Amino acid sequence: MKPGAENASMKTLNNEGLMLIKTQGIVISYIRYKETSIIVRIFTRELGLKSYIVNGVRSSNAKVKMGFYQPLTFLDLVVYDKENANLQRISEVRLGKAYQRIPFDFQRSGIALFVAEVLAKSIYDGYHNEDLFDYLDLAIGQLDGDMALLSHYPVAFLWETSRYLGFAPDDAMGFFEELKENFTKQMDWQPEMLYLQGLMETSFGFRGNVPSHIRRNLLDHMLLFYSKHLDQHSEWKSVKVLRQMMK
């Protein structure tokens, strides 16, 4: 059974005829709204990426604290789903999973911010992909686990996620062939190609000893690859800190 399958959506109508749906969600990002509220983007299993307005959550007497809406928090939700509405509302929310390491480990929390930024730039409002959701559930759990090799996690995450987004290359050589047009001189791809091939074969289980400059180079090239496929050319804000952690 896939993760989340046992928590299939429950659809009901409230007194006003609005659809209520029970689902799971992964917080992607939020922005402040007015004095005490936020607009939070949540990738839900049943409805895809949705934006929700949460009133009063930044006030001192809020029933639900801001900690629920930090990037990558896994939530159990009952949400209103009003057709053609840009902003939806949350009826009930509770913490779906309590991470043991991500909130308390500087390196893991830095990688989590990077993961959230990748997702924010990769999926759009209304995008629905249950396979991607289930994969993210497992991938974030991997980051929180004691077996995660954090030095390889960012590039392994980019590779695996590209498969679910539908633009992963067939092999390492194809990846670098696609990037050739972005460089004015011939590059020696061999060390990075071997590294990427290892990640393709073993994913988050990769345990090879790879010099830091090769890991950073492949990270930069993977982000260039994402920008090309997503037509997304804004700055990757979390990468500066990530590069420091990959030394």
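The following paragraphs describe the confidence of a predicted model, the packing of its helices α6, α1 and α5, and several residues with a positive phi.

Across the protein, the predicted model averages a pLDDT of 89, and 91% of the residues score at least 70. Among the elements of the protein, the lowest mean pLDDT, 64, belongs to strand β1 (residues 11–13), whereas the highest, 97, belongs to helix α2 (residues 130–144). Over residues 3–8 the pLDDT is below 50, although this stretch has twelve contacts in the model beyond near neighbours in sequence.

Helix α6 comprises 19 residues, 212–230, and spans 27 Å from its first C-alpha to its last, close to the 27 Å expected at 1.5 Å a residue. Its buried residues are Ile-214, Arg-215, Leu-218, Leu-219, His-221, Met-222, Leu-223, Phe-225, Tyr-226 and Ser-227. These buried residues of α6 pack against five helices, namely α1 (106–122), α3 (153–165), α4 (172–179), α5 (190–202) and α7 (239–245). The residue that follows α6 is Asp-231, and its phi is positive, near 50 degrees.

The pairing of α6 with α1 can be described in terms of both geometry and contacts. The axes of α1 and α6 come within 11 Å and cross at roughly 20 degrees; an angle under 35 degrees counts as roughly parallel, and the two helices, α1 and α6, are therefore roughly parallel to each other. On the α1 side the contacts involve Phe-114, Val-118, Lys-121 and Ser-122, which meet Leu-219, Leu-223, Tyr-226 and Leu-230 in α6.

Of the α1 residues in this pairing, Ser-122 was examined individually. Ser-122 lies in helix α1 and has a relative accessibility of 10%, so that Ser-122 counts as buried, the cut-off for this class being under 20%. When residues up to four places away in sequence are not counted, Ser-122 touches Leu-165, Tyr-226 and Leu-230; Tyr-226 and Leu-230 are among the α6 residues that meet α1, and Tyr-226 is one of the buried residues of α6. A polar atom of the Ser-122 side chain lies 2.6 Å from the backbone oxygen of Val-118, and Val-118 is itself among the α1 residues that meet α6. Along α1, Ser-122 is eleven residues from Ile-111 in sequence, and the C-alpha atoms of these two residues are 16 Å apart in space.

Two further residues of α1, Glu-117 and Phe-106, have contrasting accessibilities. Glu-117, which is placed in helix α1, has a relative accessible area of 13% and is therefore buried. With residues up to four places away in sequence not counted, Glu-117 touches Glu-235, Trp-236, Lys-237 and Ser-238. Phe-106, also placed in helix α1, has a relative accessibility of 61% and so counts as exposed. Leaving aside neighbours within four places in sequence, Phe-106 is in contact with Val-241 and Met-245. Phe-106 and Gly-205 are 99 residues apart along the chain, and their C-alpha atoms are separated by 22 Å.

Helix α5, one of the helices against which the buried residues of α6 pack, has 13 residues and reaches 19 Å from its first C-alpha to its last, which is close to the 18 Å expected at 1.5 Å a residue. Within α5, the residues Glu-192, Met-193, Tyr-195, Leu-196, Gly-198, Leu-199 and Met-200 are buried, and what covers these buried residues includes α3, α4 and α6. As with Asp-231 after α6, the residue that follows α5, Ser-203, has a positive phi, in this case near 55 degrees.

Positive phi values also occur in loops between strands. Lys-34, although not a glycine, has a positive phi of about 55 degrees; Lys-34 lies in the loop between β2 (19–33) and β3 (37–44), and its relative accessibility of 67% means that it counts as exposed. Asn-84, likewise not a glycine, has a positive phi of about 70 degrees. The place of Asn-84 is in the loop between β5 (74–81) and β6 (88–95), where, at a relative accessibility of 74%, Asn-84 counts as exposed.

Note on methods. Residues numbered from 1 in each chain as written. Predicted model: local features only at pLDDT ≥ 70, side-chain atom pairs only at ≥ 80, totals over all residues. Heavy atoms only, no water. Helix = DSSP H or I, 4+ residues; strand = E, 2+ residues; numbered from the N terminus. Expected span 1.5 Å × (residues − 1). Buried < 20%, exposed > 50% of the residue type's maximum accessible area, 1.4 Å probe, protein only. Contact = heavy atoms within 4.5 Å. pLDDT = per-residue confidence, 0-100. Polar contact = N/O pair within 3.5 Å; in protein donor to acceptor, adjacent residues only side chain to side chain. Axes fitted to C-alpha atoms, helices over the stretch in contact; angles between N-to-C directions. Parallel < 35°, antiparallel > 145°, perpendicular 65-115°, else oblique.
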